[in-house]
Amino acid sequence: MEPLVKKEHTNVVFIGHVDAGKSTIGGHIMYLTGMVDKRTLEKYEREAKEKNRETWYLSWALDTNQEERDKGKTVEVGRAYFETANRHFTILDAPGHRSFVPNMIGGASQADLAVLVISARKGEFETGFERGGQTREHAMLAKAAGVKHLIVLINKMDDPTVRWDVARYEECKEKLVPYLKKLGFNPKTDLCFMPCSGLTGAFLSEPVDESICPWYRGPCFIPYIDSLPSFYRKAEGPVRMPIVDRYRDMGTVVLGKLESGRVIKGNTYMLMPNRTNVEVMFIMSDEIDANEAEAGENIKVKLKGVEEEDVSQGFVLCDMLSPCSTGSIFDAQVVILEHKSIICAGYGCVLHVHTCIEEVTIQALLCLVDRKTGEKSKTRPRFIKQDQIAIVRFQAAGVICIESFKDFQAMGRFTLRDEGRSIAIGKILKIIE
C-alpha cells in the first residue's frame, strides 16, 4: 500500500462582518473542490426553501447545527476542509457577530491565511466598516494572531445594487487599504484583492464571462491560494499544542492546532501549566485516524492520565523534556488600537494569548515607544492612550502558558479586550515570574 502523499496543511480563516457571505463562500468552495456533492447541496437547497431561506443553502454546508441554520449565523468556528492540487486546507469559518468575537479569536489564532470577506452590497459594506462593524476588528485580530497573508474578497458583486460595477469595487478597496496598512499589512506583499460572488461562484475557481465583468482579469481564489509560497513551520521544534477545546469520549479528547513539533501515538507528553504527564492514545487529523501529526495540523488527541475536568482551554500539550514557559507576571509591548479614555496602572482587562483567555491587570507602565524611530522614552509614562505603543508590566490572575515573542511567536502574541471590544494587540517581551 502506498503511503498517502502528505499535502501541506494550511489553515484558512474566513473573517468579516456578519452577513458578508463568509459561510456561503466556504460552502461553495467545498462544492467546487468536490467535498460536498451535488445531492447534499440539493438537499440543503430544498430544506432552505422550505424555511424561506433560499440564498442560504450554500452556507449550510458549514453551519451544521440547527440554531445556526435557523438564524443564518455561524456561532462556533465551523470546521470543514478541502483539497487543491498541492494543499490540504482546513476552513475555519469564524462568526461575524460582535457577541461572538472571542470565538473568532480562537479561529484566527489557528490560521495561516485569512480571507476577509467584504460585502459590496449598498449599505452593507458601510455598516461592516463603520465604528460599530466588525470588519475593522476582525482584520485587527487576524494581524494580532499572526496571519501573514490577507486576501480580501469583495463579495456579492452580482447583487442588483452592484452589478459588477468597477467603481464600487475600487471604492471598497480604497477605504480598506489605509486601515489595513495601519495594522501592519504591507499592500504590496501581504494583501490581495479579488471580486467574487459566493452565491454564483464567480471568480472562486473560474473567471466569469468578459461581458459581465470586463475589468478584472486577475487570479481566481482557489488557484491563487493553491499557488501561495509555503508557510514556514517548526516541525523540528519541541511539541507545542495549545488546547482550544476538550470533551469526554471514553477518555479525555483535546482539540487544537499543533504549532510546532510532531506528536506520535503512544508517546508521553506533558500538559502545562499543571505538569501532568499524559499518554497519547489516538490522533485524528481532519476526521482521519493518524499515527502521527506534524506542525500545522488541526488535530484531536485522546489522552490517558488526565480527567476531562482537569484540562482547560489554554493549556498546552508539550514535550516532556522541554515544556513551555509559564508565568503570571510579564512585560509586553502593546499597541492601543481603540480605547476612548486613558489607561493607567491598575487597569484590568482580558488577555487572549494563543487559545488562553485570562484576566490581567496592568502593574506598571514602563515606557512609551516612538512609532517612527522605535526609541523608548526615558521616563515612565503616567498613562497611555489610543494609537500609542508602550511597554507594560502585566499581572495575570493565575499562572498561564506563555512564551516570549522572540522564542515562540504563536504563544507570544496576544490581544487585549475590554467590555466586549478589542482594544490592543501586543507581544510578550519577557516573563518575570
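**Exercise 1. In which sense do strands E10 and E11 pair, and over how many bridges?**

Before starting, note that this is a predicted model, where local features need pLDDT of at least 70, side-chain atom pairs count only at pLDDT 80 or more, and totals for chains, interfaces and linings use all residues. Residues are numbered from 1 along each chain as its sequence is written, and side-chain values use heavy atoms, with hydrogens and water left out.

*Solution.*
- Step 1: find the strands. Strands (E, at least two residues) and helices (H or I, at least four) are DSSP runs, numbered from the N terminus. E10 covers residues 268-272, and E11 covers residues 276-285.
- Step 2: recall the rule. Two strands pair if DSSP finds at least two bridges between them.
- Step 3: apply the rule. E10 and E11 pair in the antiparallel sense, over four bridges.
- Step 4: look at single positions. Met270 stands opposite Asn277 of E11, and Leu271 has Thr276 of E11 as its bridge partner.
- Step 5: look at the turn. Three residues lie between the two strands of this hairpin, and Arg275 takes a positive phi near 55°.

**Exercise 2. Find another partner of E10, and say how well E10 is covered.**

*Solution.*
- Step 1: go to strand E15, residues 316-318, which pairs with E10 in the antiparallel sense over three bridges.
- Step 2: return to Leu271, whose bridge partner in E15 is Leu317.
- Step 3: check the cover. Buried means under 20% relative accessible area, exposed over 50%, and partly exposed in between (1.4 Å probe, protein chains only). Four of the five residues of E10 are buried.

**Exercise 3. Follow E11 to strands E14 and E12.**

*Solution.*
- Step 1: take E14, residues 298-304. Six bridges join this strand to E11, and the two run antiparallel. Here Glu279 stands opposite Lys304.
- Step 2: take E12, residues 288-290. This strand pairs with E11 in the antiparallel sense over three bridges, with Ile283 opposite Ala290.
- Step 3: inspect the hairpin of E11 and E12. Two residues lie between the strands, and Asp286 takes a positive phi near 50°.

**Exercise 4. Put these strands into the whole chain.**

*Solution.*
- Step 1: list the elements. The protein chain has eight helices and 21 strands.
- Step 2: apply the burial cut-off to the chain. Of its 433 residues, 55% count as buried.
- Step 3: consider contacts (heavy atoms within 4.5 Å). Among those with a separation of 6 or more, 70% come from residues 24 or more positions apart.
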